[in-house]
Amino acid sequence: MTSLNLRRLRLRPGEEHREALEVELQPFELGGQRYIPVPEKVDAELAVTRATTGTVFSLAFATRLHGPCYRCLGDAVLDVDVAAREYHASSPASDELATPYVTDDNLDVSAWAHDAVALALPDKILCRADCAGLCPECGKNLNEEPHEHAEERGDPRWAALDALREKL
Ligand SMILES: [Zn+2]
Ligand SMILES: [Zn+2]
């Protein structure tokens, strides 16, 4: 877990601290599927700026997630760019002025990085924007084998023929 001790920085109002750090990311869950960050560790840029009333944090990094395509379950890769910002008041009057990632002068960079990626994710992760998905009839991958099924069911002419076939 990557965290940063804020007291150690001894920032005075107006001062800024920049640090490059390595953050380990945990797998993500989306639509019941699992997406793995590759590599697991990313180089992140963290900036801590002390204002008169509180502290501003910004975190930037890029990651790449690997997992199943939402439509065809084939391999999908998603690049995610994160640029997140948090504010923590020196004496927070309400929860809105306090970031959940600061406890006892410690900034939990890992938890923040994880949530920031989760927020940046689309509703669905696809192998490509126009993925054709799986055939609802036979389950084959329509990207690899584009096909259609003839309307065998629901046509009264075929129903009559089926009835006849059953008698034979
Ligand atoms: Zn797909
Ligand atoms: Zn099919």
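## Strand pairing and a hairpin

Two strands count as a pair when DSSP finds at least two bridges between them. With that in hand, have a look at β3 and β4 in this predicted model. Strand β3 covers residues 28-30 and strand β4 covers residues 33-37. The two run antiparallel and are joined by three bridges, so they clear the cut-off of at least two. One spot to check by eye is L30, which sits opposite Q33 of β4.

Together β3 and β4 make a hairpin, with two residues between the strands. G31 is in that turn, and its phi is positive, at about 55 degrees. Strand β4 also pairs with β6, again in the antiparallel sense, through two bridges. Here I36 has H66 in β6 as its bridge partner.

## The four-cysteine zinc site

Which residues coordinate the zinc ion (ligand 1)? The donors are the SG atoms of C69, C72, C127 and C131, at 2.3 to 2.4 Å from the metal. Along the chain they follow the spacing C-x2-C-x54-C-x3-C, with the x54 stretch falling between C72 and C127.

The geometry here is tetrahedral, because the angles subtended by the four donor atoms run from 107 to 113 degrees, and the cut-off asks for all angles between 85 and 135 degrees. As for accessibility, C69 has a relative value of 0%, so this cysteine counts as buried. C72 comes out at 8% and is buried too, since the limit for that label is under 20%.

## The mixed cysteine and histidine site

The zinc ion (ligand 2) has a mixed set of donors: SG of C135, SG of C138, NE2 of H147 and NE2 of H149. These donors lie at 2.0 to 2.3 Å, and their residues are spaced C-x2-C-x8-H-x1-H in sequence. C135 and H147 both lie in the loop between α2 (109-120) and α3 (156-167), so this pair ties together parts that are 12 residues apart in sequence.

What makes the arrangement around this second ion tetrahedral? The angles between the four donor atoms span 102 to 116 degrees, and that is why the label applies. Are C135 and H147 buried or exposed? C135, at 6% relative accessibility, is buried, whereas H147 is partly exposed at 27%.

## Salt bridges

Side chains of opposite charge can pair when their charged atoms come close. Searching the whole structure turns up eight salt bridges. One of them links R64 and D79, whose closest N and O atoms are 2.7 Å apart. This pair connects distant parts of the chain: R64 belongs to strand β6 (residues 54-68) and D79 to strand β7 (residues 75-89), 15 residues apart. R64 is partly exposed at 39% relative accessible area, while D79 reaches 51% and counts as exposed, just on the far side of the cut-off of over 50%.

D130 and R128 also meet in a salt bridge, at 2.8 Å from N to O. D130 is exposed, with 55% relative accessible area, and R128 is partly exposed at 40%. Then there is E15 with R12, where the closest N and O atoms are 3.9 Å apart, a value that still falls within the 4 Å limit. E15 is partly exposed at 30%; R12, at 58%, is exposed. Finally, E16, R18 and E45 are joined in a network of salt bridges.

## The largest pocket

The largest pocket has a volume of about 280 Å³. Which residues lie closest to its centre? Of the 14 that line the pocket, those are L6, R7, R50, T55 and D105.

In terms of elements, α1 (6-9), β5 (41-50), β6 and β7 each give two or more residues to the lining. The largest share, three residues, is from α1. If you're browsing the model, β6 is a handy thread to follow: this strand helps line the pocket, pairs with β4, and carries R64, the salt-bridge partner of D79.

How values were computed
Residues numbered from 1 in each chain as written. Chains lettered and ligands numbered in written order. Predicted model: local features only at pLDDT ≥ 70, side-chain atom pairs only at ≥ 80, totals over all residues. Heavy atoms only, no water. Donors = N, O, S within 2.8 Å, 3.2 Å for Na, K, Ca; no water. Tetrahedral: all angles 85-135°; square planar, octahedral: opposite > 155°, others 65-115°. Buried < 20%, exposed > 50% of the residue type's maximum accessible area, 1.4 Å probe, protein only. Helix = DSSP H or I, 4+ residues; strand = E, 2+ residues; numbered from the N terminus. Salt bridge = Lys/Arg side-chain N within 4 Å of Asp/Glu carboxyl O. 1 Å grid on protein atoms, 1.4 Å probe; cavity = no way out; pocket = protein on both sides within 12 Å on 5 of 7 lines; lining within 4 Å. Points joined across faces, edges and corners; volume = space filled by probe spheres on them.
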